[in-house]
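User: Please take a close look at one part of this model: the place where the helices pack against each other. How do they cross, and what fills the contact?

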Amino acid sequence: MLSWVFLVISSALEVLWAAGLKYAASPEDWAATVLCIVGSFVFMVLAAQRMGAAFAYVVFVTFGTVGTYLLDVLYFGKELKWAAMLAIAVILFSVIKLKQNEA
């Protein structure tokens, strides 16, 4: 269970640093972005040590991708597109199937 907590924290930090790369405008913004990058990878390593690197990385990237898209839509006003939602559904389905086949 702790591995999933680490993975969620890692992915949330990834979403924040991805936004920081695009929107950081001051030295403080860049410092926060760098801290998010470092924290993201620290928590990713902790998760990977507990659940296996391959699966942890796939989930990390998936959560990060979906989270970054949703952040753009909900916070930065990007238009929600059906094609993107379908792509996200396919990604999530694929990750679920990967986990089922791992067990």
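Analyst: What follows goes through the helix packing and then the core. The model is predicted.

Start with H2 and H3. Helix H2 spans residues 27-51, and helix H3 spans residues 53-74. Their axes come within 7 Å and cross at roughly 140°. An angle over 145 degrees would count as roughly antiparallel. The crossing angle therefore makes H2 oblique to H3. The crossing is right-handed.

Now the side of each helix that takes part. H2 contributes Ser-40, Met-44, Ala-47, Ala-48 and Met-51 to the contact. H3 answers with Ala-53, Phe-55, Ala-56, Tyr-57 and Phe-60. By class, nine of these residues are nonpolar, one is polar and none is charged.

H1 packs on H2 as well. The axes of H1 and H2 come within 7 Å and cross at roughly 155°. That angle makes H1 roughly antiparallel to H2. This crossing is left-handed. The contact of H1 with H2 holds 19 nonpolar, six polar and three charged residues.

The three helices meet in the largest nonpolar core, which has eleven residues. They are Phe-6, Leu-7, Met-44, Ala-47, Ala-48, Met-51, Phe-55, Ala-56, Val-59, Phe-60 and Val-95. H1 (2-23), H2 and H3 each supply at least two of them.

Leu-7 is a good residue to inspect. Leaving aside residues up to four places away in sequence, Leu-7 touches Met-44, Ala-47 and Met-51. Leu-7 also touches Ala-56, Val-59 and Phe-60.

Notes:
Residues are numbered from 1 along each chain as its sequence is written. This is a predicted model: local features need pLDDT of at least 70, side-chain atom pairs count only at pLDDT 80 or more; totals for chains, interfaces and linings use all residues. Side-chain values use heavy atoms; hydrogens and water are left out. Axes are lines fitted to C-alpha atoms, for helices over the stretch in contact, and angles run from 0 to 180 degrees between N-to-C directions. Helices (H or I, at least four residues) and strands (E, at least two) are DSSP runs, numbered from the N terminus. Angles under 35 degrees count as roughly parallel, over 145 as roughly antiparallel, 65 to 115 as roughly perpendicular and the rest as oblique. A crossing is left-handed if the near helix is turned anticlockwise from the far one by less than a right angle, and right-handed if clockwise. Contact means heavy atoms within 4.5 Å. Ala, Val, Leu, Ile, Met, Phe, Trp, Tyr, Cys and Pro count as nonpolar, Asp, Glu, Lys and Arg as charged, and the others, Gly among them, as polar. A nonpolar core is a set of buried Ala, Val, Leu, Ile, Met, Phe, Trp, Tyr and Cys residues joined through side-chain atoms within 4.5 Å. Buried means under 20% relative accessible area, exposed over 50%, partly exposed in between (1.4 Å probe, protein chains only).
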